[in-house]
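Visitor: Before we look, I would like each label you use to be set against its cut-off, so that I can follow how every conclusion is reached. Where shall we begin?

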Amino acid sequence: MSACTTSPAAPPAIIAERGQREVFCGLTGIVWLHRRIQDAFFLVVGSRTCAHLLQSAAGVMIFAEPRFATAIIEERDLAGRADLDDELDRVATRLIARRPDIRLLFLVGSCPSEVIRLDLGRAAARLEERFGRSPRVLAYSGSGIGTTFTEGEDACLSALVPTLAPAPGPATRLLVVGALADVVEDQFRRLFAALGIATVDFLPARRADAMPPVGPFTRYVLAQPFLGETATALERRGAVQIAAPCPLGAEGTRLWFESIAAAFGIDPAHVDGVLSLPVRRATAALAAPRARLAGRRVFLFPDSQLEIPLARFLARECGMILTEVGTPFLNRRLMAPDLALLPADAQLAEGQDVARQLDRCRAARPDLVVCGLGLANPLEAEGFATKWSIELVFSPIQGFEQAADLAALFARPLARRALLEV
Amino acid sequence: MQLTLWSYEGPPHIGAMRIATAMHGVHYVLHAPQGDTYADLLFTMIERRDRRPPVSYTTFQARDLGGDTAELFRTAVRDAYDRFRPEAMIVGASCTAELIQDDPGGLAAGLGLPIPVIPVELPAYQRKENWGAAETFYQLVRTATAGQAPPDRAAQPFCVNILGPTALGFRHRDDVRDIAALLARLGIAVNVIAPLGASFADLARLPAAHANLVLYPETAGTAAGYLARRFGQKTISTVPIGLGATRDFVAEIAGLAQITPPPGLAEESRLGWYSRSVDSTYLTGKRVFIFGDATHAIALARVATAEIGFSLVGLGTYSREFAAPVRAAAQSYGIEALISDDYLAVEAAIAAAQPELVLGTQMERHIAKRLGIPCAVISAPAHVQDFPARHSPFAGFEGANVLFDTLIHPLMMGLEEHLLGMFRDDFEFNDTAAPSHLGPHATTPPEPASAAPAPAGATAGALADTLASAPVGRDDASAPVWRDEASAPVWRDEASAPVWRDDAEAELRKIPFFVRGKARRNTEIFARERGLNPITIETIYDAKAHFSA
């Protein structure tokens, strides 16, 4: 862990930029959150643009009886001819009548609803009373003016935290925070059991009525890097953070588990015994994708806040050279463990001016560009290999068993370029 | 408020983007919050464009709302001009910026740029995508032709403009190519094709043509109306989609141009003969439901009834602006039109009409799939597969050929249907076997118990033989991915097959079904090679690591 010597006082160089941002808004989080919380419904209060965004992002999933929709604000709502509160109540009531299986209804704020100052928090309380607390009704904002892409999950989870039951003591409970694929959660549960950590909860839980308790006996650890508001909300409930790098890659996952085990006072020799097999397996599996990635230069555009842990993984475990690591927002406290592991000369960029960043990308001539779908094909046409970044949010990438899959996501575009004769 | 899950059209600024992206040298500066750039990927992914749309966004955030959003907009306009040096710019607001009431037109005018800067007012809470496209194109045409006097066309050879094709238009690329080729066969010159492929300067040349061919009234109707009023140009309003409509189109344009079309032109299309050939007899009276934009819905209704011989049981559109012509068309078929942008209403209408074929948009494709009805996509909104690589017009005589194939392929062909009748009780040909385009999941697999014992056993045995003797490589692409892996026997020698522990079996179930079979086989090979029995969760992941190394 030689790179750990970088002191937090001397962080890597950062370009801070403002300008056009080529990013999703927080509403997009609904697309994976509604798969995660199986009895929740997400009702966006917004415009036709919001509905259009959701259907563009959700693709074909929109027809599998999805549990999200948009209440589109119309001209008559704005002209004051229709009382917005009454309209919202009418839409929500009709929705719940159609879907009585829903146990948790999220009212999700958008740019239009925020600009006209529609109070969704009050609406949620009003509706919850009307429904007799079944379903529960919560509000959060996924607006573009307030949130970037994965920050929508942060806003959703931080709205959940005040509603969680108080955790009984005195036994210390572990709370893993951030939506993970079921298969990853199950792997993590098995490893926690093997380590001897008795009580482990996950936030969000798979069902609304099974959300974990929280309190001063809770030690929480983030499984995703973009959960700053949720972390603050948990600390307000007395929970204490376990600082750890993100569980990406063999090294990242090992350090994550080691940090947790240390917080629970587990004998390092035992931890080593439990982790050595999956670490060896993950390291071995990484060999093939690493062979394709080592020595190649990568440029990451800002998207999800996963960029810094991903860059750490690509540099340290795949031997890639970082040209620029963009992130929409940098929470220096939560990101400290990952930042400490980045190569000391890594160029970070927080925020975005997409035209200037494209200029820098072209000048850097990277072998691989990690970017959104709006930029990917245009950059391919300019001769760059790209990896579209949204897949990193939708695929299971955390944990030991997924380390090689994660590397393969980056290796595949390079392999394809080598393969094609067109 | 309207509760919406799926919307047929985007907001009006998406329509403006479709115009800007279709053209050269026109840049769009959109006052919009962070996140609205999602629209870029419609063009880069669905239409697979190789460059970014010519659109700059202010992408303001909450912290900008204090009062400097106007300055943000001015900066965006200035930066866009400096970087892209367009011939002309359009400026406007998306739905949220409409609420904060900065004035894009006034702000941009204040910058004194040396190019036309055209404000487009798109009421986002009233109007939708197609309206936005039509309005934007109209504003561009109006500005480009401002101050021109109606030209004296009498001495010039007859020529036309082709108006309406845009970016993200359903088959627009190929329709234009075929119609331009058809006009060339008629000896009629094309003056300007717009907006697709046109520059701003090209728009200034529009008045020189004698007539405007309005290929898609949804996007070009407003501009064509203006050109007719302002410059006295004729409007050719027959949309050449379908064999009969293309014949009528040729007649209309030949009349205007005072030419005689070459004989046998319509015979270049195979639709007529294919439709008369005996294999098509079974198509007679098949019940069809049609929904889409007004242009395609009306055109396809004529093709389906008069040219294929279907019976029309439903006709509708999501374009409220074009409700009247669709109502009139429906009335001429003795049915009532469905005018709705609520896909649940469309679903209900389809379920009630019980058609044998649905022609519609991407949404109707999904509705039909759910209802188990064959379907073809004939209108936007469409997904990436309906922006094909191959030449695939809907307009003109080649378009009629494409339409025949498009409307017929979802149905079972005549001979197939005949066989189905003959072998009704056969286990492979039964009433519940859905058309192949619906995928194997739509087909109810024959119950093993109901199949005749001897042949079924023989089939299963042959399958086992094949699987057991097939070389199973690491990258075996021939794995029967669609088969339920539980039913696929992997080992002939049951004794040597490793046993799966329950938790390992449960873990395997978490792998997506379409690769599960491969994962099972690889794990068993791995286990057998190492003498591991039973298979545990660890074995699965050891095998996974082994095969990915």
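Guide: A strand here is a DSSP run of E of at least two residues and a helice is a run of H or I of at least four, numbered from the N terminus. The model is predicted, and with those terms A:Pro204 can be placed in the loop between β7 (200-203) and β8 (218-222) of chain A.

Visitor: What kind of peptide bond joins A:Leu203 and A:Pro204?

Guide: A cis peptide bond joins them, with omega at about 0°. Chain B has a cis peptide bond between B:Ala194 and B:Pro195, where omega is about 0°, and B:Pro195 is found in the loop between β7 (189-194) and α8 (200-204) of chain B. These bonds are worth pointing out because most peptide bonds are trans.

Visitor: Why is the phi of A:Phe149 pointed out?

Guide: The phi of A:Phe149 is near 50°, a positive value in a residue other than glycine. Such a value draws attention because most residues other than glycine have a negative phi. A:Phe149 is found in the loop between β5 (136-141) and α7 (151-160) of chain A. Phi is also positive, near 70°, at A:Gln305, which is found in the loop between β10 (297-300) and α12 (307-316) of chain A.

Visitor: Why are A:Phe149 and A:Gln305 called buried?

Guide: Buried means under 20% relative accessible area; A:Phe149 has 0% relative accessibility and therefore counts as buried, and A:Gln305, with a relative accessible area of 3%, is buried as well.

Visitor: Why does A:Glu350 count as buried or exposed?

Guide: The relative accessibility of A:Glu350 is 16%, so this residue counts as buried, the cut-off being under 20%. A:Glu350 lies in strand β12 (residues 348-351) of chain A.

Visitor: What makes the pair of A:Glu350 and the backbone nitrogen of A:Leu330 a polar contact?

Guide: The side chain of A:Glu350 reaches that nitrogen at 3.0 Å, and the rule asks for N or O atoms within 3.5 Å, so the distance satisfies the cut-off. Leaving aside its neighbours within four places in sequence, A:Glu350 is in contact with residues including A:Ile14, A:Glu17, A:Phe329 and A:Arg332.

Visitor: What makes β6 and β7 of chain A a strand pair?

Guide: Two strands pair if DSSP finds at least two bridges between them; strand β6 (residues 173-177) of chain A and β7(A) have 4 bridges in the parallel sense, and therefore they pair. In β7(A), the bridge partner of A:Leu175 is A:Asp201. In chain A, 4 strands form an open sheet in the order β7-β6-β8-β9, with parallel pairing. Its edge strands are β7 and β9 (240-241) of chain A, each of which pairs on one side only.

Visitor: How do you know that strand pairing also links chain A and β1(B)?

Guide: Strand β3 (residues 68-72) of chain A and β1(B) pair in the antiparallel sense over 3 bridges, and at least two are needed, so the requirement is met. A:Ile72 stands opposite B:Gln2 in β1(B).

Visitor: What makes B:Asp64 and A:Arg18 a salt bridge?

Guide: Their closest N and O atoms are 2.2 Å apart, and the limit is within 4 Å, so the pair qualifies. The count between chain B and chain A is 8 salt bridges. The side of chain B that touches chain A draws at least two residues from each of several elements, among them β1 (2-4), α1 (12-22) and α21 (537-548) of chain B. Its largest share, 7 residues, comes from α21(B). The residues on this side divide into 27 nonpolar, 16 polar and 20 charged. Between the chains, 63 residues of chain B are in contact with 75 residues of chain A, and the buried area is about 6,100 Å², 58% of it from carbon and sulfur atoms.

Visitor: Why is B:Leu359 called buried?

Guide: B:Leu359, in strand β13 (residues 357-360) of chain B, has a relative accessible area of 0% and is therefore buried. The C-alpha atoms of B:Leu359 and B:Ile378 are separated by 6.1 Å, although the two residues are 19 residues apart along the chain. Its contacts beyond four places in sequence include B:Val288, B:Leu300, B:Ile378 and B:Leu407.

Note on methods. Residues are numbered from 1 along each chain as its sequence is written. Chains are lettered from A and ligands numbered from 1 in the order in which they are written. This is a predicted model: local features need pLDDT of at least 70, side-chain atom pairs count only at pLDDT 80 or more; totals for chains, interfaces and linings use all residues. Side-chain values use heavy atoms; hydrogens and water are left out. Contact means heavy atoms within 4.5 Å. Buried area is the accessible area (1.4 Å probe) that two parts lose on being put together, summed over both. A salt bridge is a side-chain nitrogen of Lys or Arg within 4 Å of a carboxyl oxygen of Asp or Glu. Ala, Val, Leu, Ile, Met, Phe, Trp, Tyr, Cys and Pro count as nonpolar, Asp, Glu, Lys and Arg as charged, and the others, Gly among them, as polar. Buried means under 20% relative accessible area, exposed over 50%, partly exposed in between (1.4 Å probe, protein chains only). A polar contact is a pair of N or O atoms within 3.5 Å; within protein, one must be able to donate a hydrogen and the other to accept it, and residues adjacent in sequence count only if both atoms are side-chain atoms.
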